[in-house]
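Student: I am new to this structure and would like to look closely at a single part of it. Please choose one sheet, walk me through it slowly, and then show me a helix for contrast.

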Amino acid sequence: MDRRTFNKVLTTGTMGLAMPGSFVQARQDASMVRAEPATQWPGQVYRRLLVDNHVPDWDPVFLSRFDPVDYVQTIATAGFQALMQYAISDAGLCLWRTKIGQVHRGMKGRDYFAEVMDECKRQRLHRTALFLVIWDNLAFERHPDWRFQPEEGEDKILEGRYGFTCFNTPYRDYVLSLVHELVSSYDFEGIFYDMTLWPGVCYCPYCTTRYWKEYNTEPPRVVDWDDPEWRRFQAARERWLFEFAQDLTKTAKSARPILVEHQFATVFLDWRSGVPLKLGVEASDSVGGDFYAGLTEFSLACKAFNGLNRVRPFEFMTSATKNIMDFVTVKPYGQLRVESLLPTVHSAASLTIDAINPDGTINHNLYAVLEKINRERAPYEPFLGGSLMADVAIYYDKQSMYDPDEKGAHVASLFYHQPKAPAPHFDGVSGAGRILREGHVPFSVITNVTLEQLRDYRAVIVPNVLELTDEQAAKFRSFVEKGGVLYASGPSSLDRFNKTGPRYLLEDVLGVQYKGNMGTQVTFLTPKDDELKKSIWPQNEIIHKGPMIRAEASPGAEVLGTVTLPYVDPESIHVIGSHFAQQISDPPAPTPGSEPGLVVNSFGRGKAIWVAAPIEASSDAVNAQLFLTVLRRVLPGPYYFEVDAHPSVEMTLYHQAENQRLLAGLLNMQQQLPLIPLSATVRVQIPLGRHGRHVTRLPDREMIPFKTVGQYVEFRIDPFEAVAMAIVEYD
Ligand SMILES: [Zn+2]
């Protein structure tokens with residue numbers, strides 16, 4: 001993403017909006033109450049704000065200038081419908097008048113939380129509380145026995161700024177009593193538990209004792225996914241965290257029946273955070289979380305949240321600044337706009353994260369920008385909702401979020417040294433998401449806890465999945481048997497614990513038997529089939545940076561590509577004798593290999609595609625072409641939609657059956673700003689036997705001419721900058 005600074009936006013003139021009329025007026029009249037219509041929580045609340053407040057109290061200036069009237073009014077006037085207010089931060093200081101915890105000294109006898117709640121009611125803002133757990137500097141400082149203890153000891157933690165506690169210590173009772181006090185003393189509608197995750201692997205005496213009690217042994221300290229003891233320890237970590245999350249949920253709900261969310265950006269985190277997916281599905285009413293890795297991740301997160309969420313809308317969060325660790329660099333207007341509209345085209349709530357100044361004031365200029373964005377988003381909201389229509393599901397398996405190459409690594413080597421551990425499965429998930437989005441193939445995400453949703457799709461992508469149970473394999477088998485298309489890459493469905501040697505659980509479906517690995521640092525896939533050859537032209541092979549799976553094709557399976565090894569194995573090259581085929585690269589062997597690399601197999605009424613390596617994980621355009629060519633070949637149309645548009649346009653489609661209409665959303669996710677207006681030709685599939693009645697452009701409901709082409713209603717979207725939405729009605 002091309003990130004320009006806020007100041008640069010100011011000078012380019014995009015911001016004649018620096019002080020729009022409504023905002024100026026609000027500042028002049030401190031008692032002004034805005035005219036936002038009453039909305040129902042949470043179903044109609046799409047514009048939400050959080051002001052980060054991790055401010056300690058060692059300096060008497062800290063939070064001393066906090067003015068709840070100005071603060072809430074600024075947020076309300078900027079067009080937000082809900083405020084998530086900090087109750088307790090990383091600092092461990094409470095912003096309410098607590099009898100159990102430590103009150104922030106900057107409040108000087110006042111009750112900031114109560115004052116903010118009162119002002120929110122006056123300004124008709126919905127109210128939720130942000131409650132930090134585990135990350136608690138005060139508890140860390142005062143109770144050394146409550147501390148999270150990494151294997152490598154406390155040195156790194158003491159050099160840093162975050163004090164982590166462990167919920168297996170008496171911290172658990174302390175935090176639960178704080179939650180009970182807050183929820184039973186104040187009137188608000190939801191609570192967001194932030195940081196319900198493990199900061200790393202804990203070896204504190206409480207965790208160790210608990211593990212001894214449960215399993216009569218010491219928790220293991222070496223990562224080995226082939227070791228049953230290690231796997232049992234990881235399962236215990238996930239269960240312990242889930243139970244803690246449930247305790248937090250129950251404690252809040254026992255005080256008042258409010259909406260509960262746990263931080264769930266953890267959905268994509270690796271094994272170390274120990275978050276099972278059921279933490280989002282069972283311990284949370286709605287899923288929500290904050291993301292910072294850019295539009296590919298954001299779009300994928302929305303798809304995953306869509307499938308995991310129970311109480312709509314889910315809550316997509318990101319910061320107004322470049323990321324939450326950068327206090328000053330505000331995202332350029334175009335970027336903020338697109339990132340705020342991305343939840344809109346997913347019928348979701350967008351929560352923007354600002355951060356408070358240490359003295360307790362806020363940057364009013366930012367709210368002028370956010371007001372303009374909210375004004376653009378609001379008119380679409382009455383039309384949002386429905387079922388996301390997608391032909392292809394990407395299978396995301398949370399249990400596969402580890403790196404098999406970590407085998408034998410000491411836990412101590414993984415905590416501070418790798419902020420984000422490699423997870424080859426996620427590279428496949430993320431790559432497939434990007435290819436399908438840019439290729440305009442209607443897609444969504446299903447997971448290991450929502451596998452029953454498979455029935456809603458025609459195809460499933462199973463990318464580099466490291467863990468699969470017999471039950472899960474049976475569901476995939478039955479899906480293909482009934483006519484579904486399954487794409488599997490690399491080790492997907494491999495049972496490495498099988499007594500007679502590793503084998504694919506889905507070998508009958510995939511049409512290949514697993515034989516091991518082949519190649520080392522570089523391997524190649526060579527298409528044999530004319531159509532596939534053409535899809536990678538002018539290349540003859542595609543490259544894979546790593547070994548591929550060696551397999552034997554079953555009789556009847558169609559081998560469309562083979563694995564080719566390099567001319568010289570890169571691990572055997574040496575300078576003496578110039579033992580290589582090219583000094584600076586690794587050309588393929590002169591003749592293509594004969595081992596299967598890409599196989600299509602018919603099974604029951606469906607088909608499977610098997611690839612010896614996760615070609616979808618690469619960002620090379622040629623890989624996307626090959627992937628889409630083979631997918632489209634085995635998954636014929638019509639798709640739920642087709643769109644002729646630039647690849648930076650993402651299209652989504654929601655079916656609102658009760659209103660006999662479909663909601664199409666197009667978002668310009670162009671990386672470089674300012675946004676260049678784009679147009680599109682859209683074809684939306686109408687339910688069988690129904691007829692398109694009319695197509696209208698939102699939010700003004702202007703009629704768009706359309707024609708019927710087969711099962712599609714086809715219409716043109718005139719050039720749009722950031723977003724275009726249309727309603728297709730049928731009868
Ligand atoms: Zn512990």
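Tutor: Here is a walk along one sheet and its loops, followed by a helix and the domains.

This is a predicted model, so to speak of local features we need a pLDDT of at least 70, and side-chain atom pairs count only at pLDDT 80 or more, while totals for chains, interfaces and linings use all residues. Residues are numbered from 1 along each chain as its sequence is written.

Let's start with the sheet. Six strands make up an open, antiparallel sheet, ordered β11-β26-β27-β33-β29-β30. Strands are DSSP runs of E with at least two residues, helices are runs of H or I with at least four, and both are numbered from the N terminus. Two strands pair if DSSP finds at least two bridges between them. The edges are β11 (387–388) and β30 (702–704), each of which has a pairing partner on one side only.

Now look at β26 (residues 649–656) and β27 (residues 661–668): eight bridges join this antiparallel pair. Within it, Q656 stands opposite R661 of β27. Lying across β27 and β33 (723–730) is helix α12 (residues 333–344), which runs at about 160° to β27. That angle is taken between N-to-C directions, from 0 to 180 degrees, using axes fitted to C-alpha atoms, for helices over the stretch in contact. Contact here asks for C-beta atoms, placed from the backbone, within 7 Å.

The loops deserve a look too. After β27, on the way to β28 (678–685), you meet P674, and the peptide bond leading into it from L673 is cis, with omega near 0°. The loop between β29 (692–698) and β30 holds P699, where the bond from L698 is also cis, with omega near 0°. R701 sits in the loop between β29 and β30 as well. Its phi is near 60°, a positive value in a residue other than glycine. R701 is exposed, because 12 other C-beta atoms lie within 10 Å; the cut-offs are 12 or fewer for exposed, 20 or more for buried, and partly exposed in between.

For contrast, find L63 in the loop between β1 (47–52) and α3 (68–77). Phi of L63 is near 60° too, yet L63 counts as buried because it has 25 C-beta neighbours inside 10 Å.

Our helix is α7 (residues 171–185). At 1.5 Å a residue, its 15 residues should span 21 Å, and the end C-alpha atoms are indeed 21 Å apart; the expected span is 1.5 Å times one less than the number of residues. Y171, V175, L178, V179, L182 and V183 are buried in α7. Seen down the axis, these buried residues fall within an arc of 120°, so they line one face. On the other side, D173 and S184 are exposed. The cover over the buried residues of α7 includes β2 (82–88), β6 (190–194) and α9 (228–255).

Finally, step back: the domain assignment gives domain 1 (1–29 + 286–384), domain 2 (58–284), domain 3 (392–634) and domain 4 (641–730). The centres of domain 1 and domain 2, taken over C-alpha atoms, are separated by 24 Å. Their contact takes 27 residues from domain 1 and 28 residues from domain 2.

Conventions. Two residues are in contact if their C-beta atoms, placed from the backbone, lie within 7 Å. The arc is that of the directions from the helix axis to the C-beta atoms. Domain bounds come from an automatic or database domain assignment.
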